[in-house]
Every structure is written in C-alpha cells, then in structure tokens.
Amino acid sequence: MNDVAALATNAGVNLSGAGKRARFTDSMRLLRHPDFERVYKKGRRHFAAHMTVFYLLRERGEGWRVGFTVGKILGGAVARNRIKRRLREAVRLQWPGVCIPADVVVNPKKSVLKIEFADLENEIASVFAVMQKSLGKRTQ
C-alpha cells in the first residue's frame with residue numbers, strides 16, 4: 001500500500017499525515033444522491049450554531065462517510081467553494097478515531113464563512129462527539 005493510500009484508509013485513521021497531504025478518498029465521502037436522501041429521511045439530526053448535521057448508522061461497511069451540502073442560497077460559487085474547503089479541512093482535522101459505520105451530511109449556515117477556523121473546528125469536534133455518543137448507544 002503506498003503512502004497516500006495508507007493515509008486515506010477509512011478505518012479510524014488520523015488524516016493529519018506528515019509529509020504528503022492527506023485527503024478524502026471516495027470511500028470516505030458520500031457521493032451519490034440516494035445516499036444523501038437516505039441520511040436525510042431515515043437519519044437523526046443535530047443542530048449546532050453554524051450547521052445542521054444529519055447522521056445515520058449504516059448496516060455494512062466500516063468507518064464514517066461524510067458529505068457536504070452547500071446550496072446556492074449560501075452565495076456564489078466562490079463563497080460556496082470556500083465554505084466546502086473550510087468544512088473539509090475542519091472535518092479532516094477532527095476525523096473521529098471510532099470505526100462506527102455511519103453516513104454524515106453537514107449542512108452549513110452562511111455564518112461558517114465569518115467564524116474563526118478554530119471555532120469551526122471546535123464545533124465539528126463537538127458534533128462528532130455527540131454523534132459518537134448517540135451512535136455508540138445504538139451499536140451496543
């Protein structure tokens with residue numbers, strides 16, 4: 001397994017690798033519309049100050065899969081891409097070490113652009129802690 005693939009394994013690995021840039025692989029992301037819809041309809045939600053997070057325990061697979069929905073209401077393409085970059089980096093830095101198979105959809109508010117990155121990172125960390133606690137009860 002090469003270095004990049006080793007960094008990107010989705011088995012509860014810390015994505016903040018030294019050297020080469022760690023990134024989300026397709027196995028770590030929600031990519032298909034039906035997956036997003038399933039999380040919205042069947043999952044639970046957690047409301048935070050700057051985002052709403054939907055999450056659902058999966059029957060198969062390992063590790064988390066994360067998707068972001070940033071609609072046109074949040075601004076033009078530049079603003080939306082900036083929101084997605086900030087969220088991806090905050091999630092990458094706070095990636096949970098627990099291997100609970102779950103799908104997560106982050107739906108940000110426009111205020112994500114204005115808050116300090118450290119505050120965004122703390123909010124993502126607290127959301128992940130709430131989800132792990134909630135999903136941990138369901139797997140036991």
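Here is a friendly conversation about the labels used for this predicted model and what lies behind them.

Me: Before we start, what should I keep in mind?

Reply: This is a predicted model, in which local features need pLDDT of at least 70 and side-chain atom pairs count only at pLDDT 80 or more, while totals for chains, interfaces and linings use all residues. Residues are numbered from 1 along each chain as its sequence is written, and side-chain values use heavy atoms, with hydrogens and water left out.

Me: What makes Tyr 40 and Phe 54 an aromatic pair, and which kind is it?

Reply: Rings of Phe, Tyr and Trp (its six-membered ring) pair if their centres lie within 6.5 Å; planes under 30 degrees apart count as stacked, over 60 as edge-to-face and the rest as tilted. The ring centres of Tyr 40 and Phe 54 are 4.8 Å apart and their planes stand at 85 degrees, so the pair is edge-to-face. Tyr 40 belongs to helix H2 (residues 33–42) and Phe 54 to strand S2 (residues 51–57), so this pair links distant parts of the chain, 14 residues apart. Here helices (H or I, at least four residues) and strands (E, at least two) are DSSP runs, numbered from the N terminus. From C-alpha to C-alpha, Tyr 40 and Phe 54 are 6.4 Å apart in space.

Me: How do you know whether Tyr 40 is buried, partly exposed or exposed?

Reply: Buried means under 20% relative accessible area, exposed over 50%, and partly exposed in between (1.4 Å probe, protein chains only). Tyr 40 has 23% relative accessibility, so it counts as partly exposed. Its partner Phe 54 has a relative accessible area of 9%, and therefore Phe 54 is buried.

Me: Why is the pair of Trp 64 and Phe 128 given the kind it has?

Reply: The centres of Trp 64 and Phe 128 are 5.3 Å apart, and the angle between the planes is 50 degrees, so the pair falls among the rest and is called tilted. It connects strand S3 (residues 64–68), home of Trp 64, with helix H4 (residues 117–139), home of Phe 128, and the two residues are 64 residues apart. Both Trp 64 and Phe 128 are buried. By the same rule, the count comes to two aromatic pairs.

Me: How do you know what span to expect for helix H3?

Reply: The expected span of a helix is 1.5 Å times one less than its number of residues. H3 (residues 77–93) has 17 residues, and it reaches 24 Å from its first C-alpha to its last, close to the 24 Å expected.

Me: Why is Val 91 called buried?

Reply: Val 91, in helix H3, has 0% relative accessibility, so it counts as buried. Leaving out residues up to four places away in sequence, Val 91 touches Phe 24, Val 66, Phe 68, Ile 124 and Phe 128, where contact means heavy atoms within 4.5 Å. Another of the buried residues of H3 is Arg 92, with a relative accessible area of 9%.

Me: What makes the link between Arg 92 and Glu 89 a polar contact?

Reply: A polar contact is a pair of N or O atoms within 3.5 Å; within protein, one must be able to donate a hydrogen and the other to accept it, and residues adjacent in sequence count only if both atoms are side-chain atoms. The side chains of Arg 92 and Glu 89 are joined at 2.7 Å, so the distance fits the rule. Asp 103 and Arg 58 also have a polar contact between their side chains, at 2.8 Å.

Me: How do you know that S2 and S4 pair?

Reply: Two strands pair if DSSP finds at least two bridges between them. Seven bridges join S2 to strand S4 (residues 102–108), so these strands pair, and they run antiparallel. Within S4, Asp 103 stands opposite Leu 56, and Asp 103 counts as buried because its relative accessibility is 0%.

Me: What makes S1 an edge strand?

Reply: The open sheet of four strands has the order S1-S2-S4-S3, with mixed pairing. The edge strands are S1 (44–47) and S3, each of which pairs on one side only. Four bridges join S1 to S2, so these two pair as well, and they run antiparallel. One of the bridge partners across them is Val 53 in S2, opposite His 46, and a hairpin of three residues connects S1 to S2.
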